[in-house]
There are 8 protein chains.
Amino acid sequence: LRTGLPEVIYAAGKTPAQTAEIFSRMAATGVAVLATRATSETFEAVHTLTPEATYHPIARAITHGSALTTQGKIAVLSAGTSDLPVAEEAAVTAELFGVRVTRITDVGVAGVHRLLAHRDTLSNADAIIVCAGMEGALPSVVGGLVGVPVIAVPTSVGYGASFAGAAALLGMLNSCSPNVTVVNIDNGFGAAYTATLIAHAAHR
Amino acid sequence: LRTGLPEVIYAAGKTPAQTAEIFSRMAATGVAVLATRATSETFEAVHTLTPEATYHPIARAITHGSALTTQGKIAVLSAGTSDLPVAEEAAVTAELFGVRVTRITDVGVAGVHRLLAHRDTLSNADAIIVCAGMEGALPSVVGGLVGVPVIAVPTSVGYGASFAGAAALLGMLNSCSPNVTVVNIDNGFGAAYTATLIAHAAHR
Amino acid sequence: LRTGLPEVIYAAGKTPAQTAEIFSRMAATGVAVLATRATSETFEAVHTLTPEATYHPIARAITHGSALTTQGKIAVLSAGTSDLPVAEEAAVTAELFGVRVTRITDVGVAGVHRLLAHRDTLSNADAIIVCAGMEGALPSVVGGLVGVPVIAVPTSVGYGASFAGAAALLGMLNSCSPNVTVVNIDNGFGAAYTATLIAHAAHR
Amino acid sequence: LRTGLPEVIYAAGKTPAQTAEIFSRMAATGVAVLATRATSETFEAVHTLTPEATYHPIARAITHGSALTTQGKIAVLSAGTSDLPVAEEAAVTAELFGVRVTRITDVGVAGVHRLLAHRDTLSNADAIIVCAGMEGALPSVVGGLVGVPVIAVPTSVGYGASFAGAAALLGMLNSCSPNVTVVNIDNGFGAAYTATLIAHAAHR
Amino acid sequence: LRTGLPEVIYAAGKTPAQTAEIFSRMAATGVAVLATRATSETFEAVHTLTPEATYHPIARAITHGSALTTQGKIAVLSAGTSDLPVAEEAAVTAELFGVRVTRITDVGVAGVHRLLAHRDTLSNADAIIVCAGMEGALPSVVGGLVGVPVIAVPTSVGYGASFAGAAALLGMLNSCSPNVTVVNIDNGFGAAYTATLIAHAAHR
Amino acid sequence: LRTGLPEVIYAAGKTPAQTAEIFSRMAATGVAVLATRATSETFEAVHTLTPEATYHPIARAITHGSALTTQGKIAVLSAGTSDLPVAEEAAVTAELFGVRVTRITDVGVAGVHRLLAHRDTLSNADAIIVCAGMEGALPSVVGGLVGVPVIAVPTSVGYGASFAGAAALLGMLNSCSPNVTVVNIDNGFGAAYTATLIAHAAHR
Amino acid sequence: LRTGLPEVIYAAGKTPAQTAEIFSRMAATGVAVLATRATSETFEAVHTLTPEATYHPIARAITHGSALTTQGKIAVLSAGTSDLPVAEEAAVTAELFGVRVTRITDVGVAGVHRLLAHRDTLSNADAIIVCAGMEGALPSVVGGLVGVPVIAVPTSVGYGASFAGAAALLGMLNSCSPNVTVVNIDNGFGAAYTATLIAHAAHR
Amino acid sequence: LRTGLPEVIYAAGKTPAQTAEIFSRMAATGVAVLATRATSETFEAVHTLTPEATYHPIARAITHGSALTTQGKIAVLSAGTSDLPVAEEAAVTAELFGVRVTRITDVGVAGVHRLLAHRDTLSNADAIIVCAGMEGALPSVVGGLVGVPVIAVPTSVGYGASFAGAAALLGMLNSCSPNVTVVNIDNGFGAAYTATLIAHAAHR
Ligand SMILES: Nc1ncnc2c1ncn2[C@@H]1O[C@H](COP(=O)(O)O)[C@@H](O)[C@H]1O
Ligand SMILES: Nc1ncnc2c1ncn2[C@@H]1O[C@H](COP(=O)(O)O)[C@@H](O)[C@H]1O
Ligand SMILES: Nc1ncnc2c1ncn2[C@@H]1O[C@H](COP(=O)(O)O)[C@@H](O)[C@H]1O
Ligand SMILES: Nc1ncnc2c1ncn2[C@@H]1O[C@H](COP(=O)(O)O)[C@@H](O)[C@H]1O
Ligand SMILES: [Mg+2]
Ligand SMILES: [Mg+2]
Ligand SMILES: [Mg+2]
Ligand SMILES: [Mg+2]
Ligand SMILES: [Mg+2]
Ligand SMILES: [Mg+2]
Ligand SMILES: [Mg+2]
Ligand SMILES: [Mg+2]
């Protein structure tokens, strides 16, 4: 029997045993469970106590169960290959919370025509999550294309003057597109949480 | 006859004459017009060319016309008196774009019971805008109270280690409430724009 | 025979052998001894020379002996699980220096009602130590609840724009509660030292 | 008839008229009132409505009334002449809240013998407030001399790499004296508030 | 008779009289002369001594004489109206040094289709200068469209987390388009100097 | 048969297997291929699938094939031994893209006469790449010697207040030589890409 | 009658009246007196009380009296015109403290041959003070030319990414010439003080 | 036969084999040789090729030979145990370059009386090197005690808001003692080099 909202565990800074114990206790209550920032070692420990748990290696996430109902749809964009873990954390989170997700990858601003090809998908989304590192310019371009809330996720991808995502973060905060809001560096989970609230409200 | 979406002018860095000229040209097309960051000198210039324009002195905004329809409701919170200009910029923007706004003022985290008294209003909003300077802690507390998207606006209020709003910005980006997203320091306009999109979609 | 104040060793940057040697020399004089930032390897070395020494693994502290007298009481709060090592460093220090400690855990600002449940304990403390990472908002809320000195300890818990505790530090320095003072990131020891001075003076 | 605790107004960012109106309203209730960061223009406006109010020009503070009782004593130190406004804000605050204050000026670390001459006064204080800009080294030296809580107030005094007080702030946070806690740059008021709580508790 | 390369005066931090004196001395030698960062007061002083000098008010530049020959062509792009002074400093400099300049304005990334309309002009330029503040994303998009050297000029346009151009600077340094190099914030002059070298070499 | 421009793979953050697979797929199309930031493990994987690939260990680069034609010449300077990997990344890239490269090493500004000995080579280059860490002063000196575009590459070489290349980056951005433009810290590839465009255009 | 060492007043942050009063009191004791960071208004006030005082307008310094004896010689270099106030503050200080000063101006690193012409003067100095803003590269070049202590003074000259002298400061701290030490931004006085100690000791 | 000045190798970022090869080549010329930042692995490699080389493990330095003559004397102070490696790098360097060194350890500012006990030694030194991390306050106190050039070396000792030595660096740059100059974080070598120049000149 499934009831209520998913529970979420932030596995970074917990031992595999700690995460596994919390995970199985929550799963036993019948809710869906999500663990983010989980290594494969952590998944092994979780799997031993909760055999039906699933590991999403790119997202570094463990899920158990599924959404009670699915309402609304979002798009999750990533600029480059290295942004995929953050984008997948967002996508896996949104799906578990009950939103349909369209993934659009490799649409960095240096090749803007690849992005323009997805304009229809973007216009039809209830919310758009954009994950990008380095200069973090993608959310502005996306925000300028469609009248949909854009949640920008700076990633720690880059080197040198990227300062571990700070350059992308600043770029996104200064976006000239007014429909862009921003979450912490690498915070795919938080972006998906807010996108879910927006999408659900639009279909209530 | 009114048609289409409001037009917006960012008056900072424009002369009063420039803003007045752009404003009157836009107003002539029949859309609602908003000028943000407008001084009273700028308003005088605008008023000469567009006598029906209204000045909102706390918000430092000039408006002309009104929304075609009003759908949905948001709450705009401010922590202290000095955060009011940013909160008013958000409120005036949202109202012109067609959203009902409840203003809740003086609910800083050092007096958390004043905030708790507004819990029902907060739960019923489609989106909540929270303007706070200094330590920027208010969005986290609000985000923990209700399952509604919270758009956090750090303000440049404070001194010393507030570093002109950077402390509040960092605090909001690190919020432990997953329903918080963030815009640029003092960007009441941007927060209202996204809040409007969310509220309209929820009532479409 | 026990005499005088505890001696303190900062074990980070010392070899286990160095710490063990200093520790045993001090313990031989009859004072209580505290080593902070001690790994389990360091404890093994200490234990060999000073078999009665005790390891506090969460606090990463080693103690030997106890306070001559215990006067006054403080509360040590932590926002989340990851803040526990810092909170325990504070608690173990205060206890060894002769103060009664009430530990209050998992009272982050995103769930403000859990905090409010402890209001009486907070009001009766001589001083309150608040350990929090991420946005560092907890000291402001606590400081607003009670008229007691609050010593805020930012922790290096977080990622991305937490910048290893700098976001929490800035938040705490900008606290709008006037009874909040701040120590270095992760400095549970320093917070406890000052809290001890306050508590002892209140009961002299 | 005097009742209750002083009320405090932060006059920066308020018009003289606003501050004067709040001030007179509070004074009418019989409590002592303090306005910090008040210019002489603000004082003129306050004085018109509340003729018995007193201006403290160095502290840039306005007071009305006095403490109900005075308990305990603190020392307020300043390193150089330019730190005096912050030190006076602290001293005036503490006196209004009911603490005896000894002012010790011009005891910068480049002349450590001048400081040593005050050792007895420092040892007998319930708490010590140390205001210093530039390298912010004074609290560490004071903290090493006496076993009393030291509240360090970095000031924005300096130029170049002082970065408007940030250098002093960082120095104080890294103090090697464990009895040092820190408040925001130029926050003499906050330091005095906490010092008052400590001094009152020591004499209750 | 005209000979040799233009001479350049950086008028910021010089008095009008100083700039005028240097300007007239240089003009007397027969070379073209450029003064950057010149106020209208400075122009008045220059004009008195050198009546043929021309003031470019948007660029805040004074020129005298003209290029000996004109070779090659560059495009100077600006994202928004507030970036125009920097773009004009670049354009005026390049023209005086002997390059044909096409100005393309108001092509910020939030309206990428306006930029795409200029693709042919961009492809045919010997070098492209892109001036943008806020998130600084425009150079990446331009660099991805054409195989031409792009010189990115971050501008100090913006507020809050733009940190006076630092956000745009970081964005440009992290550009994912490999044909982008960067100069100092607001340095239209330096960008034009390098663009001139490139354009001249391409037509030698 | 060789056709078209080289393809480039950024191997950092890709597994050896991923890089090897992409590399062999690209090489099969007949274009030249470059992989930057490649470890020797990555080269082993590439070598297995593409036996003709060459490893450049100092540059940490893998190449396959060669330029269709070689046009123009650049100089690549490095200040010290530790800057060699970045300089070699630049040199290997430029050679593969079809430019003649003169390497000039160990010409740090503390021994300016060693640099002056190379003045002729510098004057004859189409573009100059200057790689330097620590204080990053070399590009200014080079830029002052010759009228050639200088592309400055700050390196992460240094310790303490070099802040991983930030000091060198800031120095280069503030160069008083107007022919200096700058790329990201350690970005030898990007510098070579732009230098190639300049050199090719000069010989078209 | 002249006795003892000069006294020094830092006039910034003092009123003209305060500086004048301190100045005349010190001058009355017979020692030489130096006031730094003094405006012409301050000089007027000083001059009224101490008619023999001299104003050095570029250095913004007031002196009275002269050194008892003059021993040793230093060179004071400045990179550009805007660095002159700092260089003159250093030169005036050293002369008053009794050292012969050779001023060398306009020897920025973009024209290294102008610097090389002064090599003999530099080799014969007891210490060299180098004032430079922007990239701050000059001390490294000077330090590499001669085996003499070089005291580097970063100046706040520049714009954009000079960050008010921080770029020059970082460059100087990372100097690859081991005979370079650094003082605070714009601190010509401090550089001269140490240079004087060195020069005097070399001739004792 | 010994001739000329010592040669110096910066071993960080060189392989043991590289350092050993350079070391033996230099040693063969008869000069003294110093390698700084050398691990014990590097020493093993050096020792194989140059058996008479000596390892200084705390300083992490390798020396060979000795100064031709020894002139002058300096003091090397360290605030805490963790500052010893930097202090020893300075001491070993100065001794090899021919200066007598007095080491004074454990004189942090929190125990100022321990420092005062060394006043005579300090007054008699030709130059004083002060190594301190955390708040970096020691150079100011030392500089205030004696009229001798003080070279301040910030160390990367500390945690949290020490930001790897940046707090100490800023403190030292803002020293209120005018005889303090500063070198890079952890740069014991550079401090000793300049101190040697000063001491030698004083005894020439
Ligand atoms: N100088 C100051 N620095 C920081 N906080 C202050 C200062 N003066 C007053 N406050 C705080 O500001 C509050 C009043 O703010 P307001 O209602 O805006 O006047 C008081 O309760 C104090 O806690
Ligand atoms: N806007 C500018 N930004 C940066 N450098 C400039 C600018 N204008 C002129 N310069 C440089 O400053 C030099 C002239 O400086 P000055 O001798 O101080 O007038 C010229 O040779 C240019 O290289
Ligand atoms: N060392 C480097 N630094 C910056 N960008 C690079 C580097 N090497 C390759 N690139 C860029 O990265 C792109 C390939 O990225 P990817 O598809 O992730 O392998 C290429 O088109 C280059 O523009
Ligand atoms: N610990 C150190 N910190 C800074 N510079 C150093 C250090 N050790 C050696 N050096 C400098 O590095 C130079 C040698 O560098 P290298 O040729 O790379 O071994 C010497 O001439 C010294 O000036
Ligand atoms: Mg969030
Ligand atoms: Mg926005
Ligand atoms: Mg402390
Ligand atoms: Mg406080
Ligand atoms: Mg340039
Ligand atoms: Mg590039
Ligand atoms: Mg100094
Ligand atoms: Mg040095």
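**View 1. Chain D on chain C: how the two copies are related.** In this predicted model, a turn of 180° with a shift of 0.0 Å along the axis lays chain D on chain C, and the RMSD of the fit is 0.0 Å. That is what a two-fold axis does. Want a residue to look for at the axis? Go to D:Ala202, whose C-alpha sits 2.1 Å from the rotation axis, the closest approach of any residue of chain D.

**View 2. The surface where chains D and C meet.** Here 22 residues of chain D are in contact with 22 residues of chain C. The copies meet through the same surface, because 100% of the interface residues of chain D are interface residues in chain C too. Together the two chains bury about 1800 Å², with carbon and sulfur atoms giving 69% of that area. Three residues to pick out are D:Leu173, D:Pro178 and D:Thr181: they supply 30% of the area that chain D buries against chain C, more than any other three residues.

**View 3. What chain D brings to chain C.** How many salt bridges are there between chain D and chain C? The count is 0. Polar contacts do turn up, with 5 residue pairs across this interface (both at pLDDT 80 or more). On the chain D side, helix 7 (166-173), strand 9 (180-182) and helix 8 (188-202) each supply at least two residues. Helix 8 of chain D gives the most, with 8 residues. Sorted by type, the side of chain D that touches chain C has 15 nonpolar residues, 7 polar ones and no charged ones.

**View 4. Ligand 1, between chains B, C and D.** This ligand lies between three chains: B, C and D. Chain B brings B:Tyr159 and chain C brings C:Pro178, while the residues from chain D include D:Val8, D:Ile9, D:Tyr10, D:Lys14, D:Arg37 and D:Phe189. Three side chains of chain D are worth a zoom here. D:Thr36 has a polar side-chain atom 2.7 Å from a nitrogen atom of ligand 1. For D:Glu89, the distance from an N or O atom in the side chain to a nitrogen atom of the ligand is 3.2 Å. D:Asn187 also puts a polar side-chain atom 3.3 Å from a nitrogen atom of ligand 1.

**View 5. Ligand 2, among chains E, F and G.** Which chains share this site? Residues from chains E, F and G surround ligand 2, so the site is shared between chains. F:Pro178 and G:Tyr159 are around the ligand, along with chain E residues including E:Val8, E:Ile9, E:Tyr10, E:Thr36, E:Arg37 and E:Phe189. Look for E:Lys14, where a polar side-chain atom lies 2.7 Å from an oxygen atom of ligand 2. A side-chain N or O atom of E:Glu89 is 3.3 Å from a nitrogen atom of the ligand, and for E:Asn187 the value is 3.3 Å, again to a nitrogen atom.

**View 6. Chain A against chain E.** In this pairing, 25 residues of chain A are in contact with 25 residues of chain E. The buried area comes to about 2000 Å², and carbon and sulfur atoms give 67% of it. A:Ala110, A:Glu135 and A:Asn174 lose the most area to chain E among chain A residues, together 29% of what that side buries. There are 0 salt bridges across this interface, but 10 residue pairs are in polar contact (both at pLDDT 80 or more). Helix 4 (112-116), helix 6 (138-145) and helix 7 (166-173) of chain A are the elements giving two or more residues to the side that touches chain E. That side of chain A divides into 15 nonpolar, 8 polar and 2 charged residues.

Key:
Residues are numbered from 1 along each chain as its sequence is written. Chains are lettered from A and ligands numbered from 1 in the order in which they are written. This is a predicted model: local features need pLDDT of at least 70, side-chain atom pairs count only at pLDDT 80 or more; totals for chains, interfaces and linings use all residues. Side-chain values use heavy atoms; hydrogens and water are left out. Copies are superposed by least squares on the C-alpha atoms of residues with pLDDT of at least 70 in both. Contact means heavy atoms within 4.5 Å. Buried area is the accessible area (1.4 Å probe) that two parts lose on being put together, summed over both. A salt bridge is a side-chain nitrogen of Lys or Arg within 4 Å of a carboxyl oxygen of Asp or Glu. A polar contact is a pair of N or O atoms within 3.5 Å; within protein, one must be able to donate a hydrogen and the other to accept it, and residues adjacent in sequence count only if both atoms are side-chain atoms. Helices (H or I, at least four residues) and strands (E, at least two) are DSSP runs, numbered from the N terminus. Ala, Val, Leu, Ile, Met, Phe, Trp, Tyr, Cys and Pro count as nonpolar, Asp, Glu, Lys and Arg as charged, and the others, Gly among them, as polar. A residue is near a molecule or strand if one of its heavy atoms lies within 4 Å of it.
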